[in-house]
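Let's take a friendly walk through the side-chain contacts of this chain. Have the viewer open, and we will go from one group of residues to the next.

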Amino acid sequence: HSAEVLARYAQPGSGLTSAYAYLHAGESHGMMLELTLSQIEQVAFQARSWRDAGLELDFAFNISPSLLQDNHLPEHLMAVLGKGELTPHMVTLEITEDQLIHYSADVLEVLSRLRIKGFHLSIDDFGTGATSFEQLRLYPFSEMKIDMTFVQDVLTDSFARLTVATSLKLA
């Protein structure tokens, strides 16, 4: 039904970098927009061969919170999708919860424009950050991904079970 698209840098002799190392390198060199658009473009082209093989998939991409400050992000994403076989309705953009508390009305505008264009928005790693109820009410998320530390212990840890149950009610 769907797949989360992840990217890592392969270091010769060392294998794949951690997600943190990959993102830190992209952020510190000002390359997050280019890396993100390249990743989405590759999947948009690959989606045609998967579709031809009978595999209809939606895709989720992690978006660096720094990109949400770029007022042109929705247009950049639409241009990349237009080169391939994806539409905004087939794409979920995941934003990590702990990064949301640092952003403003400009971010809300970008998120709203993405939703208007048809992108799905997911709050990722929910339960690990300090998102306020007001932020949850204002941000136009279409889904909530509860952090795995709660989900994996839901059968054995009463706090994890309560956290998941409360998050489900909140969602």
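A good place to begin is a network of salt bridges that links Glu4, Glu94, Asp124 and Lys145. Please keep in mind that you are looking at a predicted model.

Zoom in on one contact between members of that network: the side chains of Lys145 and Glu94 form a salt bridge, with 3.0 Å from N to O. Lys145 sits in strand β7 (residues 143–146) while Glu94 sits in strand β5, so this pair ties together parts of the chain that are 51 residues apart in sequence. How exposed or buried are the two partners? Lys145 has a relative accessible area of 24%, so it is classed as partly exposed. Glu94 has a relative accessibility of 3% and is therefore buried, because the cut-off for buried is under 20%.

Now move to helix α2, which spans residues 32–52 and holds Arg48. Which side chain does Arg48 meet in a salt bridge? The partner is Glu85, at 2.6 Å from N to O. Glu85 lies in the loop between α3 (73–82) and β5 (91–96), and the pair links distant parts of the chain, 37 residues apart. Both ends of this bridge fall in the middle class of accessibility: Arg48 is partly exposed at 47%, and Glu85 is partly exposed at 24%.

Another salt bridge joins the side chains of Arg51 and Glu56, where the N to O distance is 3.4 Å. Here the two partners fall into separate classes. Arg51 has 23% relative accessibility and counts as partly exposed, whereas Glu56 reaches 51% and is exposed, because the line for exposed is drawn at over 50%. If you colour the model by salt bridge, the total to look for is eight.

Let's finish with the aromatic rings. How many aromatic pairs does the model have? The count is three, and one of them brings together Tyr139 and Phe141, whose ring centres are 5.9 Å apart. What is the geometry of this pair? The ring planes stand at 75°, so the arrangement is edge-to-face, a label that applies to planes over 60 degrees apart. Both residues of the pair are buried: Tyr139 has a relative accessibility of 8%, and Phe141 has one of 19%. The value for Phe141 still counts as buried because the class takes in anything under 20%.

Conventions
Residues numbered from 1 in each chain as written. Predicted model: local features only at pLDDT ≥ 70, side-chain atom pairs only at ≥ 80, totals over all residues. Heavy atoms only, no water. Salt bridge = Lys/Arg side-chain N within 4 Å of Asp/Glu carboxyl O. Helix = DSSP H or I, 4+ residues; strand = E, 2+ residues; numbered from the N terminus. Buried < 20%, exposed > 50% of the residue type's maximum accessible area, 1.4 Å probe, protein only. Phe/Tyr/Trp six-rings, centres within 6.5 Å; stacked < 30°, edge-to-face > 60°.
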